[in-house]
Amino acid sequence: MNKFITTAAVLLMPMAMFTQSDRVQCTETTQHNAQCKNLAIVGRNICWQHDSTYVKPVNIEAIRCSGYTKSNTQCKNKTKHASGKCHHHRD
């Protein structure tokens, strides 16, 4: 009996590892009339490429830190933080 349970657990474990969450495949078709292979947006049935209301997130460019080191030279780290300072110079 114990050997059966162990065997069943070993066989069923890989299936549990590859199950997807609540996301489903996009229902739209491509230009070649094949089903889109992208995952749909959570709560919808289409992916970001087929959603006409999708807005691409704004990419913030990294700038050089405006802080100064102990030797009174400008910091060479880059940051995307709104303060313009890297993690070493933020309060």
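Q: Which pattern does the protein chain follow when read along the sequence?

A: Read along the sequence, the protein chain follows the pattern α-β-β, and the model in which this pattern appears is a predicted one. The elements behind the pattern are 1 helix and 2 strands. The helix α1 covers 2-17 and the strand β1 covers 63-64, while the strand β2 covers 78-79.

Q: How many residues does the protein chain have, and what share of them is buried?

A: The protein chain has 91 residues, and buried residues make up 13% of them. The accessible surface of the chain comes to about 8300 Å², and 57% of that surface belongs to carbon and sulfur atoms.

Q: Among the contacts with a separation of 6 or more, what share comes from residues 24 or more positions apart?

A: Within the protein chain, residues 24 or more positions apart account for 2% of the contacts that have a separation of 6 or more. A single residue can show how position in sequence and position in space are read together. T29, found in the loop between α1 and β1, is 17 residues away from I46 in sequence, and the two C-alpha atoms are 10.0 Å apart in space.

Q: Which residues does T29 touch, leaving aside those up to four places away in sequence?

A: With those neighbours left aside, T29 touches A34, Q35, C36 and H50. T29 itself is partly exposed, with a relative accessibility of 44%.

Q: How should I read a salt bridge, and how many does the structure hold?

A: The general idea is that side chains of opposite charge can pair when their charged atoms come close. In this structure there is 1 salt bridge, formed between D51 and R44, whose closest N and O atoms are 2.8 Å apart. The side chains of D51 and R44 are also listed as making a polar contact, at 2.8 Å.

Q: Is D51 buried or exposed, and where in the chain does D51 lie?

A: D51 is buried, with a relative accessible area of 10%, and its place is in the loop between α1 and β1. The partner R44, by comparison, is partly exposed, with a relative accessible area of 41%. Leaving aside residues up to four places away in sequence, D51 touches I41, R44 and I46, so the salt-bridge partner R44 is among the residues that D51 touches, and the cut-off for such a touch is heavy atoms within 4.5 Å.

Q: How many disulfides does a search of the whole structure find?

A: A search of the whole structure finds 0 disulfides. The reasoning rests on a cut-off, since a disulfide needs a pair of cysteine sulfur atoms within 2.5 Å. For C36, the closest cysteine sulfur is that of C47, at 3.8 Å, which is too far for a bond. C75 is likewise in no disulfide, and the nearest cysteine sulfur to it, that of C86, is 3.9 Å away.

Q: Are C36 and C75 buried or exposed?

A: C36 is buried, with a relative accessible area of 4%, and C75 also counts as buried, at 5% relative accessibility. C36 has already been named in this dialogue as one of the residues that T29 touches.

Q: How is a pair of aromatic rings described, and how many such pairs does the structure hold?

A: In general, a pair of aromatic rings is described by the distance of the centres and the angle of the planes. The structure holds 1 aromatic pair. The rings of W48 and Y54 have their centres 5.8 Å apart and their planes at 50 degrees, so the pair is tilted. W48 is partly exposed at 45% relative accessibility, and Y54 is partly exposed as well, with a relative accessible area of 38%.

Q: What is the phi of N33, and where does N33 lie?

A: N33 has a positive phi of about 60 degrees, although N33 is not a glycine. N33 lies in the loop between α1 and β1 and is exposed, with a relative accessible area of 68%.

Q: What is the phi of N72, and in which loop does N72 lie?

A: The phi of N72 is near 65 degrees, which is a positive value in a residue other than glycine. N72 lies in the loop between β1 and β2, and at 62% relative accessibility N72 counts as exposed.

Key. Residues numbered from 1 in each chain as written. Predicted model: local features only at pLDDT ≥ 70, side-chain atom pairs only at ≥ 80, totals over all residues. Heavy atoms only, no water. Salt bridge = Lys/Arg side-chain N within 4 Å of Asp/Glu carboxyl O. Buried < 20%, exposed > 50% of the residue type's maximum accessible area, 1.4 Å probe, protein only. Helix = DSSP H or I, 4+ residues; strand = E, 2+ residues; numbered from the N terminus. Areas by Shrake-Rupley, 256 points an atom, 1.4 Å probe, with all protein chains shown as cover. Polar contact = N/O pair within 3.5 Å; in protein donor to acceptor, adjacent residues only side chain to side chain. Phe/Tyr/Trp six-rings, centres within 6.5 Å; stacked < 30°, edge-to-face > 60°.
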